Structure formats: structure tokens, C-alpha cells
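Here's a quick briefing for anyone meeting this structure for the first time. Have a look at it, then read on.

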Protein chains: 2
Amino acid sequence: MVTRDRRRAATLAEIKAAARRLLVSGGTSAVGLRAVARELGLTPPALYRYFPSHEALIGALVTDLYDELTTALMDLAGADDGDLGAKLYLLANGLRDWALAHPAEFGLVFGTAVPNPEGDEHEVTPGHQAAMRFGGLFKELVAQIWHQKPFQHPADEQLGTVLVEQLTAESEHFHGMPAGAIYLSLNYWTRLYGLICMEVFGQLHWVLPDAAAYFEAQLYEIGQALGLDCPEPG
Amino acid sequence: MVTRDRRRAATLAEIKAAARRLLVSGGTSAVGLRAVARELGLTPPALYRYFPSHEALIGALVTDLYDELTTALMDLAGADDGDLGAKLYLLANGLRDWALAHPAEFGLVFGTAVPNPEGDEHEVTPGHQAAMRFGGLFKELVAQIWHQKPFQHPADEQLGTVLVEQLTAESEHFHGMPAGAIYLSLNYWTRLYGLICMEVFGQLHWVLPDAAAYFEAQLYEIGQALGLDCPEPG
DNA sequence: TGTTAACTGTTAACGGTGTTCACTCTAGGC
DNA sequence: GCCTAGAGTGAACACCGTTAACAGTTAACA
């Protein structure tokens, strides 16, 4: 019987589900090793049969959240068969909606620093792979947009040799797009991420009580930079 | 004698200095109540004569860091008597330099969510006041730039009534600037903050090994939006 | 000046955390 | 049917923030 492995996988899933529950209800600090064990009616040391440390458990949770978000956004964008611009618009709005609906998860996934300061051996963890899959969503879509209708982009001379060199190094991930186009794509992601971070972390409440209108206006702006005729705000 | 208050103020400063030291050397998690007490040769309960809780100690530390950053940037911008655009450029670069030089402090000050979800009684803490002073730095400078040489800005119709309403509510903080101009100013801050956050938190390392060139290009771009002739990148 | 009150620090303790070790018991494989 | 690997337990360790009761010093006031 393989019921042994099956049982192990089941409890492993239960552990992560309990951790997720605690994260949602009480924020990042609430998902402690002992609390998770309590949730399952187990003693704390029992969890060490499944995760080598509390940190590893959190890491697995982050990986799951990344994948959940990725598939959710894929479903969202896949359902719409319209033009690619509308797809990107859906993706951006979907990410914001998810972040606002799950602020604790967002804070855990995107608010914690990536531990890659001195990049000797990358030691590509499953969490990193999940993050790459997530990032690939946007890269892929932007590359499709570019190849369908190339948008105006700054020339290499405007960007400077250093930046162009770094951007062209990423060209393979963008299906051979030129540096200027990758630059604009990076802008899109940077501004989107920054906007959502500020809204979720409450840095925007002090000037804008409800950032929805501002977000929409910004989405229109950054979409235009990619040659998209986004839905106009207002 | 007032030596009693003097002594109290001295130890209070020592406590915060020790906390700061721990923050720098070991990150946010290293600045614990017991660790701070250990650093001063005191027992943990002694600190409760100075701060009502560990959280209050952290709050005081954040306030100090805000003020330190604010005065540092004021000195930086005050020294240069050139045009206001150069001042803003110095400010933005100064903020980035500070964030990269003190990543732990930056993470503590800007990376933690502002606890203002349902804004009933704001209960304006010293930390909030310090944050306002810091934000005021940029608002003030941008307002000066606007009044010296008004830059092109989107019309109200382009932004939509909801957004215009919110922006004009902030008009007094921007010395009576119109909504479109405030919108562009907000863009400047949003993009600057997002960029620095991503760089410090390592979200940019995976695509750009060294974000300096990208940051410079972005600074040029967002400065142009405010009608400034920034130093060109490259 | 002597008394009193406030202030600063201590020790002991409580409940909480992540983690390790030695142990038991049960289920699967030979 | 033995035997081993795995799952789970209880006790313990070292840490954490916090509280309560207590002691010594110092400022203020009658």
C-alpha cells in the first residue's frame, strides 16, 4: 500500500492549510509553529517530521501563495479572449484585487526582503521558482504584446550603455525584445508593484482615502506607454 | 537640581542608541527588549520605566529615524543653492543612498504597514508627525517648483471627478496647486518610493544586478514630468 | 533638618515562543 | 512474524515580552 505516503502528503497539506488559516485571520505574526500544531491537535515537535524549521514552513506557505496567485491570474487572463492589452489590464487589476483582499498574504509574499544580497550560489529554492513563474506571467504577456504590435520605446542612446547592457542580458526572457522595450516593460511592473505596495501597506491613505481612482488613472498611463488603448479612467 | 531629569533623558537616549545599534547590526528582529537591556547592562524590567512596551520603544526608534532622515535630506538640499530641480534631484538621490546604506532602518521605517485601516480617531502619534514632516519635505519642494515654473499637467477631465475631488482636498498641503499638478507630484513620490522599495527589498536584483543606472533613468523621466531639466542619464 | 514621596532599579515569576532529545507505538516491508 | 522506519509524545532548554513585589536613592516639602 502507498497509503503511508498518501497520509503524509495529506497531513502536510493540512499543516499548510492551517498555517494559511492563521495567516488570514491573524496576520503574519499569528502563524507560529506552536499555533499551527495547536490548530491540528498535534504537539509542536510533531511538525518537525514535516518541516525542518518554522522558517521552512513559512517558505512553503509563501510558495503555495505564489502558485495560487499565479494560477488565479492565469485563469483570469485566460478567460478573456480579447486583445492582449485587455489581458494585461485584467492581470494588473487582478493582482491589486488579490492584494487588497488578502493583505496579510500579500505582505508575507511581497513585503519580505528577498535573501539574495551577495549572490554567490543562488540556491534556487522552490519559493524562488514560484516567484519566477509569477514574474514569467507578466514577462510572457508583455512579450506577446510587443510581438503583436511593437510599441515605441527609447533608443539605446537615451538609456545609456550600462543600462542597455543589463537590459539586453534579460532579452531572452522577453523573447528577444530590444533594450528600450524591456525598459518600458520593467517600468510597467515597477510602477504597478510600487502602487499596490503603497496602497496595501497604507502609505497612500494619508493623501488618498480611496486609491482606486488613482490606481485606475495610473494603469491607464502605464498601459499607454506600452502602446495599449486601455479603458480610459473617469 | 534638575540632574534627575537630565539623567533620565540621558538614559533614554542611551536606550534608543543601543536599539539603533542592534537594528543596524542584526536587523529588525534583533532589537528586542531584553537585548537592548543587555546592551546597557540593565535588567529587562528596567526599560519599562522609560517605555510602556516593546512596541513603544520601536515606535520611538522609528520616529528618531524619520527625523534623522528628514534633517539629513534637508541639509543635503539646503547646501545646494542651485535651482529647485537640482534640489529635488539631490533629495531623491539622498533618499535612495540612505535606504541602501541603512537597509535595516529603511525596512523598519517604510516597510511596516501604517496601522490606519479604519480611520476613526487618528490618534496622531509622534511617529505620524515625524512621517508628516518627512512627507512635507517633498510636498514643500514640489510646491516651490510649481510656483516658480508651473509645469504642464493633465486637465481635470482627464483625471475624472472622483480623483480630482480627492486631489483638490490635498491642495492646501501643496500651496494651492491644481489637481493635475498634485497628481503629477504624487506620481513622482509614488514612483520614487516604489523604486527604492523594490531595490532595497531585493525585488529588482533578479532582473537588474545593479539598479543604479535604472534608477537614474527613472529619475530623469519622473523629473521631466515636473518640467525639470534633470541631468541626463548615461 | 527630618520625613515623605517619587523615581530607578532589582529579583522572581508567568505565559509565550522555536527547537532538541529520548522515548513509545504503530504500520509496512522482508 | 519479526523488525525497522516513521509518526507522535512528554520533558526540557533557552529565549522572548511583561507583570508584581520589593529595595535603594534622591528630590521636595513641612
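**A first look**

Of the 234 residues in chain A, 36% count as buried (20 or more other C-beta atoms within 10 Å of the residue's own, with C-beta atoms placed from the backbone). Keep in mind that this is a predicted model: local features need pLDDT of at least 70, side-chain atom pairs count only at pLDDT 80 or more, and totals for chains, interfaces and linings use all residues. Residues are numbered from 1 along each chain as its sequence is written, while chains are lettered from A and ligands numbered from 1 in the order in which they are written.

**Chain A**

- You'll find 10 helices and zero strands in chain A (DSSP runs: H or I of at least four residues for helices, E of at least two for strands, numbered from the N terminus).
- Its C-alpha atoms fill a box of roughly 60 × 45 × 35 Å along the principal axes.

**Where the chains meet**

- On chain B, 31 residues are in contact with 32 residues of chain A (C-beta atoms, placed from the backbone, within 7 Å).
- Helices H8 (161-169), H9 (179-200) and H10 (212-224) of chain B each give two or more residues to the side that touches chain A.
- H9(B) brings the largest share of that side, eight residues.

**How the copies relate**

- A turn of 180° and a shift of 0.0 Å along the axis lay chain B on chain A with an RMSD of 0.1 Å (least squares on C-alpha atoms of residues with pLDDT of at least 70 in both).
- That's the relation of a two-fold axis.
- In chain B, the C-alpha nearest the axis belongs to B:Gly194, 2.0 Å from it.

How values were computed. Two residues are in contact if their C-beta atoms, placed from the backbone, lie within 7 Å. A residue is buried if 20 or more other C-beta atoms lie within 10 Å of its own, exposed if 12 or fewer, and partly exposed in between; C-beta atoms are placed from the backbone.
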